[in-house]
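Work through these exercises with the structure open beside you. Try each task before you read its solution.

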Amino acid sequence: MNVMTLLKKAVLLVALPVVLLGVWWVTTANSTDPYVPPLREVFETFPDTWTADRLMNDMVPSIVRLLVGYAVAVLLGVALGVAVGSSRTLRNILEPVLEFFRAIPPPVLIPIVILFAGIGHTMKVIVIVSGCIWPVLLNTVEGVRAVDDVLRDTSRCYGIGGTSRLRYLTLRSASPQILAGMRQALSLAIILMVISEMFAASNGLGFTVVQFQRSFAIPEMYTGIIVLGLVGIALSLLFGLLERRALAWYFGLRRSQRGE
Amino acid sequence: MRNSRLAKWGQGLIGLAALVVVLEMLPRVGLVSERYLPPFSTMIRALFEELGQPDFWTALLESVKAWGIGLAIAMVLGVSLGLVIGSVPLLRSLTSSTIEFLRPIPSVALIPLVVLVFGTRIQSTLVLVVYAALWQVLIQVLYGVQDVDPVVRETARSFRFRPMSVVRHVVWPTALPYIMTGFRLAATVALVLTITVELVIGSPGLGKEIAVAQSSGAVDKMYALVIVTGFLGVLVNVLVRALERRTLAWHPSQRAEVPA
Amino acid sequence: MTTSPDRPMLDVRAMKKVYGGGGARTVEAVRDLTFSVAAGELVCVVGPSGAGKTTLLKCIAGLLEPTSGEVVLEGEKVSGPPAGMAVVFQEYGRSLFPWMTVRQNVELPLKEKKLPKPRREELVDKALSEVGLGDVHAAYPWQLSGGMQQRVAIARAVAYEPHVLLMDEPFAAVDAQTRADLEDLVRELWKRLGVTILFVTHDIDESIYLGQRVLVLSASPTVVMEDVTVDLPDERDQLGTRSTKRFAELRTHVYGQIQRAKNHHRTDSPSPAPEDDVNGAVASTR
């Protein structure tokens, strides 16, 4: 790849974002609208708003709650999904129930969980778990169900059973589906984290941004929105890395199938 | 074959019945306090009570209105933008980084901003719904346009199809399944966002009713409304899938759902 | 698990398989299959389409349970996939784990057998070089051609050191040139390792080229129509052997049998055609 191609790629990558940012900057430069401060002002407020203190007291708890809730949802979802997916009877029995629970818009569970768990850390983690478990569970069920018959027979012939079968066959075979579910769950986790904090909290990213809004600290509010956006982007990138590693074989397989 | 379908339905009903029994017994037996989880029969009674209240139907209509308008706008914008961007390679490379960047930003981060500008009017809900649903549609349409078989495209060229004919006979049939998938995903996301925004901001609709019920301690009513949103979600799902089946009845089912 | 000289390695006795739960949709796929395979033999199984060849193989492999009758491997009844048996399926693409490299695929059954690592590596290296894939051991199956993938499956079976190797139409989905190479590979491995092989195929020429015996199956409900002894010399090659007169005779005979099988003739039919009788090949139906 020579310098020209590299340069061209770099330009294409940043051209539009830079233009959009520029437009935003210029159109708001002399704004007197209280709700739309100049972008310059927003940037200037950044270091004062997002001090180490705030990062420790708001961002860290939010992220921790998010990751804990997400991890629990994934573990539970995969475990239950494998159990349900492996038995046709269980699948048939549980399918309507699971589909109903999945159809409930997750944030609606927040008032319910508040009844049980108050408004502290636990509530938020439980909310994230109860919302994120569904995409993981249902996708795992689907992935486990669709394990190739020939591969299954091969495993039986060579005496690969029990935990080995789970490890080498079932989970690996279902991993594209599981990861798709995990991706959906990640977006959902972020949404639930923010909403649960906006609804009832004493700290956290969502709480902070709402506080800014309520106290009309507008430029600060914008910085909060930008930070939330950055968190979303960062998590998505991390997930993408994980996905590429775990599913390298799958992407290769699909490419070769399409090529034939 | 008919027998096994019947059996499947029967097993599903068993699951639902078991759920009902559990929900009824848990609070009655005292394992869970009735304050937090009223027995299922109480929930149903509250539900029927709600069905008799004009306020309920107004709220339901508001939600459906916001959902429908938001979804329609998202579809129109998403499909047209997607078709245009997808068909012009330069546009596609220019926008791809921006799209990847903006996609993971949680729509709910915009809630404070939207509250400032629109308060609790329906526009608040609409902005969020359109923003979130648009991505689902756009991504799918972009994949769809990309998926056109190069051989088909070359064939059309060699027969000197006019641009409109190319769109009609080549691009549209390939993109249609993806558009339908995007529609399905967008419909679900739109519903979630509608209820969420109503819940958090208090714009008119079911979400607001749930928040009010929770803060005023009307637990039965709250659960009843949650059940309604669940049914709404299931209904949306069923309708959209039925529409998908009818529109794509002619299409060989060789499209893979691309995880959004 | 003893194999005395006169006890067969594999003994199939009156195997019967009926599909369906009774009533109008019951299908008697296999009515009565009885034959035995001695240790170290290479036996081929041919029959018309739908003759239950795959059913037979799955029952022997312990993947399906016969409705009645039994399969006895090395003196023990088969109920579930037995140790000491390896299977090579027709769909090589679907029987290799796509998330594992060639090497890992071949090694996996050995890990299950709890062999120590040095021994595993030894077996894997040997098997891969025997099938000629020593230098692609780090590739993924889907990066290889169809023929190479099937070689991986064969290497996996060979590394497993089975007593019996079952092959279910393994070369049906492979092009003719590759098929010829793979057939020679099978014979070579068979001679070198002394393993017992039961080879199912629909290709008559292949069955005669490979086998010491050819079991001709009837159409469904299947029985063994004839057990043909292939008295070709041990040293065979694609060009030479296939153009001998004896090969042509055997081929014609088996072909005739298959045609009659397709027309629903069976060994219990009243009038066998005299011109098809080749050197009094013994028909074993009991």
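**Exercise 1.** Leaving aside neighbours within four places in sequence, which residues is A:Ser155 in contact with? Place the residue and say whether A:Ser155 is buried or exposed.

*Solution.* A note first: this model is predicted.
- Step 1. Find the element. A:Ser155 sits in helix α7 (residues 149–157) of chain A.
- Step 2. List the contacts. They are A:Ile160, A:Arg165, A:Leu169 and C:Phe97.
- Step 3. Check the cover. Buried means under 20% relative accessible area. A:Ser155 has 0%, so A:Ser155 counts as buried.

**Exercise 2.** Where does A:Pro106 lie, and what does A:Pro106 touch beyond four places in sequence?

*Solution.*
- Step 1. Locate the loop. A:Pro106 is between α4 (88–103) and α5 (109–117) of chain A.
- Step 2. Name the partners. A:Pro106 touches A:Gly131, A:Leu188 and A:Leu192, and also B:Val192.
- Step 3. Judge the cover. The relative accessibility is 9%, so A:Pro106 is buried.
- Step 4. Compare sequence with space. A:Pro176 is 70 residues from A:Pro106 along the chain. The C-alpha to C-alpha distance for this pair is 24 Å.

**Exercise 3.** Which residues make a nonpolar surface patch of about 540 Å²? Then classify A:Val60 by its relative accessible area.

*Solution.*
- Step 1. Collect the members. They are A:Met56, A:Val60, A:Val64, A:Val68, A:Val72, A:Leu76 and A:Leu80.
- Step 2. Place one of them. A:Val60 belongs to helix α3 (residues 52–85) of chain A.
- Step 3. Apply the cut-offs. Partly exposed runs between the buried limit of 20% and the exposed limit of 50%. A:Val60 has 37%, so A:Val60 is partly exposed.

**Exercise 4.** How many of the eleven residues of helix α3 (residues 102–112) of chain C are buried, and what covers them?

*Solution.*
- Step 1. Count. Nine of the eleven are buried, and the helix is mostly covered.
- Step 2. Name some. Among them are C:Val102, C:Arg103, C:Asn105 and C:Glu112.
- Step 3. Find the cover. It includes α8 (162–199) of chain A. From chain C, α4 (117–130) and α5 (146–159) also take part.
- Step 4. Look past the helix. C:Lys114 follows α3(C) and has a positive phi, near 60°.

**Exercise 5.** How many helices and strands does chain A have, and why is chain A called more spread out than a compact globule?

*Solution.*
- Step 1. Count the elements. Chain A has eleven helices and zero strands.
- Step 2. Compare radii. The radius of gyration is 23 Å, well over the 18 Å that the globule rule gives for 260 residues, so chain A is more spread out than a compact globule.
- Step 3. Check the extents. The C-alpha trace spans about 75 × 60 × 30 Å along its principal axes.
- Step 4. Add the burial. Of the 260 residues in chain A, 50% are buried.

**Exercise 6.** Where does pLDDT stay under 50 in chain C, and where is it below 50 in chain B?

*Solution.*
- Step 1. Start with chain C. Its mean pLDDT is 85, and 88% of its residues reach 70 or more. The stretch under 50 is residues 269–286.
- Step 2. Turn to chain B. Its mean pLDDT is 87, and 95% of its residues reach 70 or more. The stretch below 50 is residues 254–260.
- Step 3. Draw the lesson. Where pLDDT is low, do not read the predicted coordinates in detail.
- Step 4. Finish with the complex. The predictor gives an ipTM of 0.84 and a pTM of 0.84.

Terms used
Residues are numbered from 1 along each chain as its sequence is written. Chains are lettered from A and ligands numbered from 1 in the order in which they are written. This is a predicted model: local features need pLDDT of at least 70, side-chain atom pairs count only at pLDDT 80 or more; totals for chains, interfaces and linings use all residues. Side-chain values use heavy atoms; hydrogens and water are left out. pLDDT is the predictor's confidence in each residue, from 0 to 100. Contact means heavy atoms within 4.5 Å. Helices (H or I, at least four residues) and strands (E, at least two) are DSSP runs, numbered from the N terminus. Buried means under 20% relative accessible area, exposed over 50%, partly exposed in between (1.4 Å probe, protein chains only). Patches are made of residues with over 30% relative accessible area and no salt bridge: like charges are joined within 9 Å, nonpolar side chains (Val, Leu, Ile, Met, Phe, Trp, Tyr) within 5 Å. Accessible areas come from the Shrake-Rupley method with a 1.4 Å probe; for residues, only the protein chains shown count as cover. A salt bridge is a side-chain nitrogen of Lys or Arg within 4 Å of a carboxyl oxygen of Asp or Glu. The radius of gyration is taken over C-alpha atoms; the globule rule is 2.2 Å times the number of residues to the power 0.38.
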